[in-house]
Amino acid sequence: EIVKLANEHKFKLLPLGSGSTLDSSKLVLDNMVILKSGRMNKINKVVPEDLYVVLEPGFQLRDLNRQLEPYHLFCPLADSKSSGTISGAVASGLKGKSGDRNIQIKDYVLALEVVDPQGQILNVGARTFKSVSGYDLPRLFIGSWGTLGFLTEISLRLIPITQRKYFPNFIPDHFQRSRGEIRQGLES
(Lines give C-alpha, C1' and ligand atoms only; values in the text may rest on other atoms or scores of the structure.)
Protein backbone atom coordinates (compact mmCIF):
# COMPACT_ATOMS: atom_id res chain seq x y z
CA GLU A 1 0.00 0.00 0.00
CA ILE A 2 2.84 2.42 0.74
CA VAL A 3 4.28 1.89 -2.75
CA LYS A 4 0.90 2.69 -4.28
CA LEU A 5 0.69 5.83 -2.12
CA ALA A 6 4.20 6.85 -3.19
CA ASN A 7 3.17 6.58 -6.83
CA GLU A 8 -0.04 8.51 -6.24
CA HIS A 9 1.54 11.32 -4.17
CA LYS A 10 4.91 11.36 -5.97
CA PHE A 11 7.29 10.70 -3.08
CA LYS A 12 10.40 8.56 -3.12
CA LEU A 13 10.95 5.36 -1.13
CA LEU A 14 14.23 4.02 0.23
CA PRO A 15 14.42 0.49 1.70
CA LEU A 16 16.67 0.20 4.75
CA GLY A 17 17.49 -2.84 6.85
CA SER A 18 19.49 -2.59 10.06
CA GLY A 19 21.58 0.39 9.02
CA SER A 20 24.83 -1.58 8.79
CA THR A 21 27.92 -0.13 7.17
CA LEU A 22 26.70 -0.95 3.67
CA ASP A 23 23.41 0.92 3.92
CA SER A 24 22.42 3.70 1.59
CA SER A 25 20.74 5.94 4.20
CA LYS A 26 23.14 8.77 3.30
CA LEU A 27 21.23 9.05 0.03
CA VAL A 28 18.19 10.54 1.78
CA LEU A 29 16.65 13.23 -0.35
CA ASP A 30 13.74 15.63 0.00
CA ASN A 31 10.32 14.08 -0.42
CA MET A 32 11.61 10.62 0.61
CA VAL A 33 10.24 8.02 2.99
CA ILE A 34 12.60 5.41 4.43
CA LEU A 35 11.11 1.93 4.72
CA LYS A 36 12.84 0.10 7.59
CA SER A 37 12.45 -3.65 7.79
CA GLY A 38 13.62 -4.01 11.40
CA ARG A 39 10.26 -5.21 12.73
CA MET A 40 9.93 -7.82 9.99
CA ASN A 41 12.53 -9.99 11.69
CA LYS A 42 11.16 -13.51 12.04
CA ILE A 43 11.79 -16.92 10.61
CA ASN A 44 8.50 -17.80 8.93
CA LYS A 45 9.30 -21.43 8.24
CA VAL A 46 12.10 -23.99 8.47
CA VAL A 47 11.70 -27.06 6.26
CA PRO A 48 14.52 -29.41 7.33
CA GLU A 49 13.54 -32.24 5.00
CA ASP A 50 13.84 -29.92 1.99
CA LEU A 51 16.83 -27.94 3.36
CA TYR A 52 15.41 -24.42 3.25
CA VAL A 53 14.28 -21.59 5.50
CA VAL A 54 11.84 -18.72 4.82
CA LEU A 55 12.82 -15.42 6.45
CA GLU A 56 11.38 -11.95 6.81
CA PRO A 57 13.63 -9.20 5.39
CA GLY A 58 14.71 -7.69 8.72
CA PHE A 59 16.06 -10.94 10.17
CA GLN A 60 19.66 -10.48 11.35
CA LEU A 61 21.89 -12.76 9.30
CA ARG A 62 24.29 -13.35 12.21
CA ASP A 63 21.44 -14.92 14.27
CA LEU A 64 20.40 -17.45 11.65
CA ASN A 65 22.72 -20.37 12.44
CA ARG A 66 21.90 -20.23 16.14
CA GLN A 67 18.19 -20.55 15.24
CA LEU A 68 18.93 -23.44 12.85
CA GLU A 69 20.94 -25.54 15.35
CA PRO A 70 17.91 -27.58 16.54
CA TYR A 71 17.32 -28.62 12.92
CA HIS A 72 20.99 -29.62 12.40
CA LEU A 73 21.26 -27.17 9.50
CA PHE A 74 23.29 -24.04 8.79
CA CYS A 75 23.90 -21.32 6.23
CA PRO A 76 27.59 -20.54 5.52
CA LEU A 77 26.79 -16.87 4.89
CA ALA A 78 25.43 -16.51 8.42
CA ASP A 79 28.80 -17.27 10.04
CA SER A 80 29.81 -13.63 9.64
CA LYS A 81 29.62 -11.34 12.66
CA SER A 82 28.12 -8.67 10.40
CA SER A 83 25.08 -6.87 11.78
CA GLY A 84 23.31 -6.85 8.43
CA THR A 85 19.87 -8.22 7.63
CA ILE A 86 19.04 -10.97 5.18
CA SER A 87 17.40 -8.46 2.83
CA GLY A 88 20.51 -6.29 2.95
CA ALA A 89 22.64 -9.32 2.12
CA VAL A 90 20.40 -10.13 -0.86
CA ALA A 91 20.03 -6.51 -2.00
CA SER A 92 23.79 -5.94 -1.92
CA GLY A 93 24.66 -9.33 -3.47
CA LEU A 94 26.73 -10.42 -0.45
CA LYS A 95 29.83 -12.42 -1.32
CA GLY A 96 32.96 -13.46 0.46
CA LYS A 97 35.24 -16.34 1.35
CA SER A 98 34.87 -19.38 3.55
CA GLY A 99 38.32 -20.90 3.76
CA ASP A 100 39.38 -21.24 0.13
CA ARG A 101 35.78 -21.21 -1.20
CA ASN A 102 34.12 -18.20 -2.76
CA ILE A 103 30.58 -17.97 -1.43
CA GLN A 104 27.84 -15.79 -2.89
CA ILE A 105 24.34 -15.26 -1.63
CA LYS A 106 22.98 -15.78 -5.14
CA ASP A 107 23.85 -19.47 -4.78
CA TYR A 108 21.68 -19.79 -1.66
CA VAL A 109 18.57 -17.77 -2.56
CA LEU A 110 15.80 -20.07 -3.78
CA ALA A 111 12.79 -17.75 -3.89
CA LEU A 112 11.80 -14.17 -3.12
CA GLU A 113 8.62 -12.30 -2.40
CA VAL A 114 9.01 -8.78 -3.77
CA VAL A 115 6.82 -5.68 -3.91
CA ASP A 116 7.41 -4.13 -7.32
CA PRO A 117 7.40 -0.36 -8.11
CA GLN A 118 3.65 -0.46 -8.86
CA GLY A 119 2.85 -2.07 -5.49
CA GLN A 120 2.18 -5.57 -6.85
CA ILE A 121 3.41 -8.57 -4.87
CA LEU A 122 5.60 -10.87 -6.96
CA ASN A 123 6.73 -14.37 -6.00
CA VAL A 124 9.82 -15.34 -7.98
CA GLY A 125 11.88 -18.51 -7.88
CA ALA A 126 10.99 -21.87 -6.38
CA ARG A 127 11.72 -23.52 -3.07
CA THR A 128 13.52 -26.37 -4.77
CA PHE A 129 17.16 -26.80 -5.74
CA LYS A 130 16.40 -27.36 -9.39
CA SER A 131 13.75 -25.44 -11.24
CA VAL A 132 13.68 -25.27 -15.02
CA SER A 133 10.53 -23.23 -15.42
CA GLY A 134 11.57 -20.05 -17.17
CA TYR A 135 13.96 -17.25 -16.25
CA ASP A 136 15.94 -17.20 -12.99
CA LEU A 137 14.18 -14.08 -11.67
CA PRO A 138 15.55 -14.14 -8.10
CA ARG A 139 19.02 -13.43 -9.52
CA LEU A 140 17.64 -10.30 -11.16
CA PHE A 141 16.79 -8.88 -7.72
CA ILE A 142 20.00 -10.05 -6.02
CA GLY A 143 22.46 -7.16 -5.99
CA SER A 144 19.89 -4.63 -7.25
CA TRP A 145 20.01 -2.59 -4.01
CA GLY A 146 16.21 -2.42 -3.86
CA THR A 147 15.91 -0.50 -7.13
CA LEU A 148 13.68 -3.17 -8.70
CA GLY A 149 11.47 -3.79 -5.68
CA PHE A 150 11.29 -4.29 -1.93
CA LEU A 151 12.06 -7.72 -0.56
CA THR A 152 9.37 -8.94 1.84
CA GLU A 153 10.31 -12.62 2.13
CA ILE A 154 13.45 -14.61 1.35
CA SER A 155 13.80 -18.39 1.00
CA LEU A 156 17.35 -19.66 1.50
CA ARG A 157 18.94 -23.01 0.78
CA LEU A 158 20.58 -24.61 3.82
CA ILE A 159 23.39 -27.10 4.37
CA PRO A 160 23.30 -30.11 6.74
CA ILE A 161 25.43 -29.51 9.83
CA THR A 162 27.48 -32.59 8.93
CA GLN A 163 28.96 -30.52 6.05
CA ARG A 164 30.06 -27.64 8.31
CA LYS A 165 33.73 -28.72 8.24
CA TYR A 166 33.84 -27.78 4.56
CA PHE A 167 32.79 -24.20 5.37
CA PRO A 168 35.22 -22.49 7.76
CA ASN A 169 34.53 -18.94 8.89
CA PHE A 170 32.80 -16.80 6.28
CA ILE A 171 34.38 -13.39 5.75
CA PRO A 172 32.39 -10.99 3.54
CA ASP A 173 34.31 -9.22 0.77
CA HIS A 174 33.63 -5.80 2.28
CA PHE A 175 35.35 -6.94 5.52
CA GLN A 176 38.36 -8.16 3.53
CA ARG A 177 38.61 -4.82 1.74
CA SER A 178 38.35 -2.95 5.03
CA ARG A 179 41.26 -4.91 6.49
CA GLY A 180 43.35 -4.23 3.38
CA GLU A 181 42.55 -0.52 3.53
CA ILE A 182 43.45 -0.45 7.23
CA ARG A 183 46.74 -2.22 6.48
CA GLN A 184 47.54 0.31 3.74
CA GLY A 185 46.78 3.19 6.10
CA LEU A 186 49.09 1.79 8.77
CA GLU A 187 51.91 1.28 6.28
CA SER A 188 51.79 4.86 4.97
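Hi everyone, let me start with a tryptophan: W145 belongs to the loop between helix 4 and strand 10, the strand that runs over 150-157. Before I go on, please keep in mind that this is a predicted model. The reason I begin with W145 is its backbone: phi is near 55°, a positive value in a residue other than glycine. Most residues other than glycine have a negative phi. As for its surroundings, W145 counts as partly exposed because its relative accessibility is 44%.

There is a second residue of this kind. H72 is not a glycine either, and it has a positive phi of about 60°. You'll find H72 in the loop between helix 2 (64-68) and strand 5 (73-74). Is H72 buried or exposed? Its relative accessible area is 53%, and the cut-off for exposed is over 50%, so H72 is exposed.

Let me step back to the whole chain for a moment. The protein chain has 5 helices and 12 strands. Of its 188 residues, 41% are buried. The chain exposes about 11,100 Å², and carbon and sulfur atoms supply 52% of that area. Now for contacts: if we take those between residues at least 6 apart in sequence, 61% of them join residues at least 24 apart.

On to the charged side chains. How many salt bridges does a search of the whole structure find? It finds 2. One of them joins the side chains of D107 and R139, with a distance of 3.3 Å from N to O. This pair links distant parts of the chain: D107 is in the loop between strand 7 (101-104) and strand 8 (109-115), while R139 is in helix 4, and they are 32 residues apart. Both partners are partly exposed, since D107 has a relative accessibility of 36% and R139 has 39%.

In the other salt bridge, the side chains of R66 and D63 meet at 2.8 Å, again N to O. Here D63 is partly exposed, because its relative accessible area is 22%.

Arginines also turn up over aromatic rings. The charged end of R157 sits over the ring of Y108, 4.7 Å from the centre of that ring. Likewise, R164 lies over the face of F74, at 4.6 Å from the ring centre. And what about rings with rings? The count of aromatic pairs comes to 0.

If you turn the model to look at helix 4 once more, there is something on the surface. Which residues make the nonpolar patch of about 440 Å²? They are Y135, L137, L140 and L148. Of these, L140 has its place in helix 4, which covers residues 137-141.

For the last part, I'd like to walk you through three glycines, all in loops. First up is G58, in the loop between strand 4 (52-55) and helix 2. G58 counts as buried, because its relative accessibility is 3%, and the cut-off for buried is under 20%. What does G58 touch, leaving out residues up to four places away in sequence? The answer is S37, M40, N41 and T85. You can also compare its position with L16: the two are 42 residues apart in sequence, and their C-alpha atoms are 9.1 Å apart in space.

Next comes G38, in the loop between strand 2 (32-36) and strand 3 (43-47). With a relative accessibility of 38%, G38 counts as partly exposed. Its C-alpha atom is separated by 7.9 Å from that of P57, and these two residues are 19 apart along the chain.

Finally, G99 is found in the loop between strand 6 (95-98) and strand 7. G99 is partly exposed too, since its relative accessibility is 46%. Where along the chain do its partners come from? Not counting residues up to four places away in sequence, G99 touches P168 and N169. The C-alpha atoms of G99 and N169 are separated by 6.7 Å, although the residues are 70 apart along the chain.

So, if you open the model after the meeting, have a look at the loops with W145 and H72, at the D107 and R139 salt bridge, and at G99 with its neighbours P168 and N169. Thanks for listening, and I'm happy to take questions.

Notes: Residues numbered from 1 in each chain as written. Predicted model: local features only at pLDDT ≥ 70, side-chain atom pairs only at ≥ 80, totals over all residues. Heavy atoms only, no water. Patch = residues over 30% accessible without salt bridge, like charges linked within 9 Å, V, L, I, M, F, W, Y side chains within 5 Å. Areas by Shrake-Rupley, 256 points an atom, 1.4 Å probe, with all protein chains shown as cover. Salt bridge = Lys/Arg side-chain N within 4 Å of Asp/Glu carboxyl O. Helix = DSSP H or I, 4+ residues; strand = E, 2+ residues; numbered from the N terminus. Phe/Tyr/Trp six-rings, centres within 6.5 Å; stacked < 30°, edge-to-face > 60°. Lys NZ or Arg CZ within 6 Å of the ring centre and 35° of its normal. Buried < 20%, exposed > 50% of the residue type's maximum accessible area, 1.4 Å probe, protein only. Contact = heavy atoms within 4.5 Å.
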